[in-house]
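Me: I have a structure open and a few things to ask about it. Can we go through them one at a time?

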Amino acid sequence: MPDTVRYGLISTARIGFSAHVPAANDSLHSEIVAVSSRNLETARAAAQEHGIPLAFGSYQEMIESDEIDAVINTLPNSMHHEWTIKAAEAGKHILCEKPLSATMAEAREMKAAAEANNVVLVEAFTPRWTQQSRTVRHLIAIGEIGEVTYLESSLAFRMNRPDDIRLSKPLAGGSLMDVGCYAVYAVRYAMGMEPVSAMAFDRKRSGVEVDTTLSGLLRFPNDAVGHIWCSFDGPRRIVFDAVGTQGTISVNGAFRETAPVTITRGDDEPQIMPMTSSNRFEVQLDEFSECVLTGKEPEFPPDDALRNMAAILALYESAETGKAAAVEQI
């Protein structure tokens, strides 16, 4: 039985080399052995630069190769569906960059393809692997700040490149589909339950067809409200707060592995909990490889991705109609 999963990168997107390749280099049971592009010279140049043995001039050629066991799908959002299904049909396991898909129908088809071909499919949301996220979820669950009534999850930065694919409507771009999906996930994960309704307002930068800023509310079954704010219009802001009847939990720089968790109760001095998490991409890859090698069920199966997409699409529906939208329950 092999003890290493051989991965191929679908596309030469930056995150593959800045995050997934270093994670694989440090992983005991994961190795990135191939990269593919629609242009063979591009793939070869990327492979040479990053010490990857194999280069393919088409995505299809790579997923059909016997030299790989799994793929990391780093394509634009609108292409996740097509190439995840093709990889599954080729018998390859798929770690798909977030968000899993652009629609619920696509997500369901991707899940069905993985099940039909007996391959592992996981959406690549790395912050859930950090000590910070797990600590916040635990503190809320044990009532450390009483009953949570309000959460805020904000991610924003200034995007200045007009040709960035995240500003493309055909490629399923937009601030909510990019950084906002992290914000949605953060409040869902912290609460340990699914929102039931959404209300949102968006802003489109002049000349852009997708949301460049979106502010939304997600209401949970216990009537707690999660405020989502995401933006390509800056300034840089990465914040998570949970407010309860007896105090608050805050994580400034929420997705850094070294960000502390701060608890404040009434007039007491804030309690600062230092945190040092392992590289979240490495932990994610380790768990995915374990699932491939041993048959273990993923901690976060495709239904989890469908639930996040349901909340995202409800926010979009509300922004479009100006009315509250129900969140589909999975």
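Me: What covers the buried residues of helix 8?

Reply: A note before that: this is a predicted model. The cover over the buried residues of helix 8 includes helix 1 (14-26) and several strands, among them strand 1 (5-10), strand 2 (30-36), strand 4 (70-73), strand 5 (93-97) and strand 6 (121-124).

Me: Which residues of helix 8 are buried?

Reply: They are R280, F281, Q284, L285, E287, F288, S289, C291, V292 and L293.

Me: And how far does helix 8 reach from its first C-alpha to its last?

Reply: Helix 8 reaches 21 Å with 15 residues, close to the 21 Å expected at 1.5 Å a residue.

Me: New topic, pockets. How much space lies in the largest one?

Reply: About 1,400 Å³. The largest pocket is lined by 46 residues, and R14, I15, K98, R166 and D178 are the closest to its centre. Helix 8 is one of the elements that give two or more residues to this lining, along with helix 1, strand 7 (148-158), helix 7 (176-191) and strand 11 (233-244).

Me: How do the residues of that lining divide?

Reply: The lining of the largest pocket has 22 nonpolar, ten polar and 14 charged residues.

Me: How many cavities are there of 30 Å³ or more?

Reply: The count is one. The volume of the largest cavity is about 180 Å³. Its lining has 16 residues, with S133, A186, F240, A254 and F255 nearest the centre.

Me: Which element gives the most to the lining of the largest cavity?

Reply: Helix 7, with five residues. Helix 6 (131-141) is also among the elements that give two or more. By type, the lining of the largest cavity divides into twelve nonpolar, three polar and one charged.

Me: Cysteines next. How many disulfides does a search of the whole structure find?

Reply: Zero.

Me: Why is there no bond for C96?

Reply: The closest cysteine sulfur to that of C96 is in C181, and it is 11 Å away, too far for a bond because a disulfide needs the sulfur atoms within 2.5 Å. C96 is also buried, at 0% relative accessible area.

Me: What about C230?

Reply: Its closest cysteine sulfur is in C181 too, at 8.9 Å, which is too far for a bond. C230 counts as buried, with 0% relative accessibility.

Me: Which residues does a cis peptide bond join?

Reply: One cis bond joins K98 and P99, with omega about -20°. P99 lies in the loop between strand 5 and helix 5 (104-116). Another joins G234 and P235, with omega about -5°, and P235 is in strand 11. Most peptide bonds are trans.

Me: And which residue has a positive phi although it is not a glycine?

Reply: S11 is one of them, with phi about 100°. S11 is in the loop between strand 1 and helix 1. D223 also has a positive value, near 75°, and lies in the loop between strand 9 (213-219) and strand 10 (225-231).

Me: Is S11 buried or exposed?

Reply: S11 is buried, with a relative accessible area of 8%. D223, on the other hand, counts as exposed at 52% relative accessibility.

Me: Last one. Where does T258 lie, and what does T258 touch?

Reply: T258 is in the loop between strand 12 (247-252) and strand 13 (261-264). Not counting residues up to four places away in sequence, T258 touches Q132 and M275. The C-alpha atoms of T258 and T276 are separated by 4.8 Å, although the two residues are 18 residues apart along the chain.

Conventions. Residues are numbered from 1 along each chain as its sequence is written. This is a predicted model: local features need pLDDT of at least 70, side-chain atom pairs count only at pLDDT 80 or more; totals for chains, interfaces and linings use all residues. Side-chain values use heavy atoms; hydrogens and water are left out. On a 1 Å grid over the protein atoms alone, a cavity is a set of points where a 1.4 Å probe fits but cannot get out, and a pocket is an open set with protein on both sides within 12 Å along at least five of seven lines; lining residues have an atom within 4 Å of a point. Grid points are joined across faces, edges and corners, and a volume is the space filled by probe spheres set on the points. Helices (H or I, at least four residues) and strands (E, at least two) are DSSP runs, numbered from the N terminus. Ala, Val, Leu, Ile, Met, Phe, Trp, Tyr, Cys and Pro count as nonpolar, Asp, Glu, Lys and Arg as charged, and the others, Gly among them, as polar. Contact means heavy atoms within 4.5 Å. Buried means under 20% relative accessible area, exposed over 50%, partly exposed in between (1.4 Å probe, protein chains only). The expected span of a helix is 1.5 Å times one less than its number of residues.
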